[in-house]
Structures are given as structure tokens and as C-alpha cells.
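Biologist: Walk me through this fold, please. I would like to start with its open spaces and finish with its packing.

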Amino acid sequence: MRPDYRIVFLGTGGGRFVTMTQRRRTAGIRVIGDGVNLHLDPGPGALVHSIEEGLNPQRINAVLVSHCHPDHYTDAEMLIEAMTRGMTRRQGLLAAPRSVLEGSDSCEVSISKYHQQMVGQKIEVAPGLKFEVSSITVLTTEARHTDPDAVGFRFETGLGDFAYTSDTEYYEGIAKYYQGVRLLALCVMRPSGKPWKGHMSTDDAIRIVEETHPGQAVMTHLGMNMLLRGPDKEARLIQEKTGVPTVSAVDGMVVLFSESLKVQTEKGQKDLTGFL
Ligand SMILES: [Zn+2]
Ligand SMILES: [Zn+2]
């Protein structure tokens, strides 16, 4: 049997107002399985919620940061300290775009040079770049966001692929990065009818899902407007318009990525397809 992966939605909130109020957690996503223990976009709360969920941060072997906004990077330094045994061992991988590692016109360096030089491997990512994290090949995808260096990630496994768009607006050609994935996690900050340049609304998500037709879509990184509207309703809208099974993630939700997709929430375990 092929080993499977757990995709843990440690946090499902995004944007300034959800972050400052913690209406949803902003801890990012953890991927665990077959030699991989990877933390994606560790926003505020990543360290605390890792520990509270029983996911030892000292087991992490890769930290991936998609761009230089605080809801994506603030706990990265703490996770690097955990990953390197308190900065005593040069180990683990850090992958992030130039804005995060070097700073840019729009932001300062997000992760200190002190932390950057302690990891085993540091990769400056840009769209199209591929790298390995143990059993997973990661393809860096293009995000068009207010950080011009922002990226998303596609994870290629022996069981098929899953992907994370990060913060991006819809653009012509985005579909080529996500074609054929079994699961697509979209950072849908805004509800339908509330577009925002550089960000994704439900209407943008519908276009991306229509063009890529993943096996399953998951809405995450939900902003305040989205929470006020009701993310489950918006997920149903995506599902109705595209025919692709779609759920809105909740904090602590775990997707078991194996031959089938199963979802575990506090309410119990279900097959993901048709979860609504
Ligand atoms: Zn964000
Ligand atoms: Zn952002």
C-alpha cells in the first residue's frame, strides 16, 4: 500500500481583520506523511496550534512561505528554531520567494538572516521552480498578489497531486499550474460580488475551479467579509457552478490524502466528496 498524507488545516483565517481578531486561526497548513513534515505559511499561531494539536514542531523538516504578508510568515522563525533543534543543527528546508528572504520594494526581510543561515537548505522560489521535500516534489506556481513575488505551491506525490494557490487574483493562464490536481486549496478571502484586486473572491475561485477541474476544492484563508457571508454557502455556490465537490475548511480539519480523500473534523470523519 502506498503511504498517505495528512493535510492539516491548522488555521483557516486570512487577512488583517481575521488575523487581529482570530475569528479563525491563522496558523497555516501542515502536511505530514512518507518522510514529509512540512509547514506551509505559518502565520500567527502556527507554533501554539501545532503544539495544541499534538503536532510536534520539532519534527518539521520543511517550512514553506508563499509571500511577505504577516498572516503567512510571522511564526516562521519559531518553526525554524524548532526544526533546527533550537538552532543547534543545520537541518531542514526553507523555501520562500525573494521578498521573504531578501526583502523587496514592498516589504522588509520577513525571516531574519540569523534564522535563514541555520537551515540545511534554503531555496529562493519563483514560478516554475521545482524542489524535493522527501517523497514530494514541489512545483512553485505563480500568484498575482500585492506582493509581486508571491507564489503558490503544487505538491506532486505518488498518490496524485494537491495544491495551494496562496493569495492571488484570477489571471489568464493560472489554470496551467493546477490542471489535474486531486485536491485544490484556494485562498478565498472574499465572498461572491466583493472583488478585491490581488485577492480571490468566490467568483474568482469559480473561474479557477472551472478551468482546472480538480477532484476536490477546499476554500481556506477566509477573510472577514467571507466569514460574515457564511463560507459554507459560498462553497455550495462553487460546487453548484462548477460541479466540483467543494468544502470550506474549518480550523483543525484534516484531509487524509490516500487512495480516497477523507476529512476529519471535530464532528467526526466523512468521505470528503459530498461532505456538504
Ligand atoms: Zn493572506
Ligand atoms: Zn497576502
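Modeller: A definition first: helices here are DSSP runs of H or I with at least four residues, numbered from the N terminus. Bear in mind that the model is predicted.

Biologist: Which helices each supply at least two residues of the lining of the second largest pocket?

Modeller: That pocket has a volume of about 220 Å³. Its lining includes Arg16, Thr19, Pro70 and Asp71. The helices that each give at least two lining residues are α1 (16-21) and α3.

Biologist: How do the residues of that pocket lining divide into nonpolar, polar and charged?

Modeller: Histidines appear in the lining, among them His69, His145 and His199. Met189 and Trp196 line the pocket too. The split is 3 nonpolar, 6 polar and 3 charged.

Biologist: Now the enclosed spaces. Which residues lie closest to the centre of the largest cavity?

Modeller: The structure holds 2 cavities of 30 Å³ or more. About 100 Å³ of space lies in the largest. Its lining has 5 nonpolar, 8 polar and 2 charged residues. Of the 15 lining residues, the closest to the centre are Gly11, Gly13, Gly28, Tyr164 and His221.

Biologist: Which element gives the largest share of the lining of the second largest cavity?

Modeller: This cavity has a volume of about 40 Å³. Its lining divides into 10 nonpolar, no polar and no charged residues. Strands β1 (5-9), β2 (29-33) and β10 (160-164) each supply at least two of them. The largest share, 3 residues, comes from β10.

Biologist: On to packing. Why do the buried residues of α4 sit on the same side of the helix?

Modeller: In α4 (residues 76-83), the buried residues are Ala76, Leu79, Ile80, Ala82 and Met83. They share one side of α4 because they cover an arc of only 160 degrees around the axis. An α-helix has 3.6 residues a turn, so residues three or four places apart point the same way.

Biologist: What covers those buried residues of α4?

Modeller: Strands and helices both take part. The cover includes β3 (36-40), α2 (46-52), β4 (62-64), α3 (70-73), β5 (93-96) and α6 (113-116).

Biologist: Which residue just after α4 takes a positive phi?

Modeller: Look just past the end of α4. The phi there is about 50 degrees, and the residue is Arg85.

Biologist: Which residues touch the most other members of the largest nonpolar core?

Modeller: That core has 35 residues. Those touching the most other members are Phe9, Leu38, Leu64, Phe131, Phe153 and Phe155. A second, separate core of 25 residues includes Ile32, Val65, Cys107 and, from the buried set of α4, Met83.

Note on methods
Residues numbered from 1 in each chain as written. Chains lettered and ligands numbered in written order. Predicted model: local features only at pLDDT ≥ 70, side-chain atom pairs only at ≥ 80, totals over all residues. Heavy atoms only, no water. Buried < 20%, exposed > 50% of the residue type's maximum accessible area, 1.4 Å probe, protein only. Arc of directions from axis to C-beta. Contact = heavy atoms within 4.5 Å. 1 Å grid on protein atoms, 1.4 Å probe; cavity = no way out; pocket = protein on both sides within 12 Å on 5 of 7 lines; lining within 4 Å. Points joined across faces, edges and corners; volume = space filled by probe spheres on them. Nonpolar A, V, L, I, M, F, W, Y, C, P; charged D, E, K, R; others polar. Core = buried A, V, L, I, M, F, W, Y, C linked by side-chain atoms within 4.5 Å.
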